[in-house]
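Here are some friendly notes to read alongside the model. Keep the 3D view open and find each residue as you go.

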Amino acid sequence: MLTFESVVVRQGEFTLNADLSIEEGAKVSIIGPSGAGKSTLLSALAGFTSVAQGAICWKGHDIARDASGDRPLAMVFQDSNLFPHLSVAQNVGLGLKPSLKLSSGELDLVKQSLLRVGLEGFEDRKPAALSGGQQSRVALARVLLRDKPLMVLDEPFAALGPALRRDMLALVGEIAQEKGLTVLMVTHDPKDARQLDGDTILVADGVAHAPVPTGPFLDAPPDVLREYLGS
């Protein structure tokens with residue numbers, strides 16, 4: 001289980017509070033108005049932002065005191081975070097070793113990961129030669145290689161068209177199911193949350209609320225979310 005225990009995150013004059021639990025293997029969307037603290041919540045989880053007080057625990061261990069690289073998560077960003085001067089295979093291989101000094105067995109793992117996301121034969125291409133959807137698949141292949149139990153996605157497919165976004169979300173769901181991953185995904189689009197299914201965390205007015213089932217929540221959203229969505 002992942003728990004945020006009386007967590008307080010401060011960034012300048014902004015304060016985010018989180019006191020909630022997420023079951024292992026859950027698929028959780030994080031939604032709320034712009035600037036409410038959705039990405040801040042993930043940043044604190046990943047170790048990019050310090051926690052002022054409280055604990056973030058995975059299976060009882062407070063990971064808030066661990067270095068970012070030692071935490072049990074792999075993250076996919078909106079821009080896919082690919083290095084333009086590296087090939088697809090090298091970008092994926094970073095998930096195994098930052099030095100990219102890979103053994104033949106590790107190179108095989110890179111190929112297998114690319115095969116899983118539908119990019120077999122793309123190993124030598126550079127990110128600039130890929131479509132937006134293909135770049136997102138490279139980022140997912142790297143997450144697969146990192147073999148972490150938490151998959152964290154910060155609006156990873158926001159720049160994609162509706163059809164591609166649906167395809168990528170379906171792939172995320174398949175991978176999560178196969179690997180037994182816990183998924184946390186920030187999104188501005190309730191359609192994405194509905195497709196991911198599972199639960200939703202509302203972040204609003206400086207509070208990350210406990211997760212609730214997505215369908216009923218979006219069928220009758222609270223006023224703060226209704227105003228943000230314009231419905």
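1. Start with Phe4, whose bridge partner in β4 is Ile56. Keep in mind that you are looking at a predicted model. The pair belongs to a longer match: strand β1 (residues 2-11) and strand β4 (residues 53-58) run antiparallel and are joined by five bridges. As you follow these strands, remember that in a regular strand the side chains alternate between the two faces of the sheet.

2. Now follow β4 to its other partner, strand β5 (residues 61-62). These two also run antiparallel, with two bridges between them. Look for Cys57, which has Asp62 in β5 as its bridge partner. The hairpin of β4 and β5 has two residues between the strands, and Lys59 in this hairpin takes a positive phi near 55°.

3. Next, go back to β1 and look at its pairing with strand β2 (residues 14-22). Eight bridges link them, again in the antiparallel sense. Arg10 is a good place to check, as it stands opposite Thr15 in β2. Two residues lie between the strands of this hairpin, where Gly12 has a positive phi near 65°.

4. In which sense do β2 and strand β10 (residues 207-208) pair? They pair in the parallel sense, over two bridges. To see this for yourself, find Ala18, which stands opposite Ala208 in β10.

5. Let us turn to a helix. Ser43 sits in α1, which covers residues 38-46. Is Ser43 buried or exposed? Ser43 counts as buried because its relative accessibility is 14%, and the cut-off for buried is under 20%. Setting aside neighbours within four places in sequence, Ser43 is in contact with Phe48 and Thr49.

6. Val88 is another helix residue to look at, this time in α2. With a relative accessibility of 2%, Val88 counts as buried too. Beyond its neighbours within four places in sequence, Val88 is in contact with Leu114, Phe122, Glu123, Arg125, Leu130 and Val138. Val88 and Arg142 are 54 residues apart in sequence, while their C-alpha atoms are 9.8 Å apart in space.

7. Then colour the nonpolar residues. The largest nonpolar core has 34 residues, and Val117, Leu140, Met151 and Leu153 touch the most other members. Two or more residues each come from β6, α2 (88-93), α3 (104-116), α4, β7 (150-154), α5 (162-179) and β8 (182-186). The largest share, seven residues, is from α4. Another core lies apart from this one; it has 31 residues, including Ile56, Val152, Val186 and Ile201. You have met Ile56 before, as the partner of Phe4.

8. Zoom in on Val117 for a closer view. Not counting residues up to four places away in sequence, Val117 touches Arg137, Leu140, Ala141, Leu144, Leu171 and Ile175.

9. Finally, look for open space. Rolling a probe the size of a water molecule over the atoms shows where empty space is left. How much space lies in the largest pocket? The answer is about 420 Å³. Its lining is made up of 20 residues, and Met75, Phe77, Asn81, Arg142 and Arg146 lie nearest the centre. Both β6 (73-76) and α4 (132-146) supply at least two residues of that lining. By type, the lining residues are 13 nonpolar, five polar and two charged.

Key. Residues are numbered from 1 along each chain as its sequence is written. This is a predicted model: local features need pLDDT of at least 70, side-chain atom pairs count only at pLDDT 80 or more; totals for chains, interfaces and linings use all residues. Side-chain values use heavy atoms; hydrogens and water are left out. On a 1 Å grid over the protein atoms alone, a cavity is a set of points where a 1.4 Å probe fits but cannot get out, and a pocket is an open set with protein on both sides within 12 Å along at least five of seven lines; lining residues have an atom within 4 Å of a point. Grid points are joined across faces, edges and corners, and a volume is the space filled by probe spheres set on the points. Helices (H or I, at least four residues) and strands (E, at least two) are DSSP runs, numbered from the N terminus. Ala, Val, Leu, Ile, Met, Phe, Trp, Tyr, Cys and Pro count as nonpolar, Asp, Glu, Lys and Arg as charged, and the others, Gly among them, as polar. A nonpolar core is a set of buried Ala, Val, Leu, Ile, Met, Phe, Trp, Tyr and Cys residues joined through side-chain atoms within 4.5 Å. Buried means under 20% relative accessible area, exposed over 50%, partly exposed in between (1.4 Å probe, protein chains only). Contact means heavy atoms within 4.5 Å. Two strands pair if DSSP finds at least two bridges between them.
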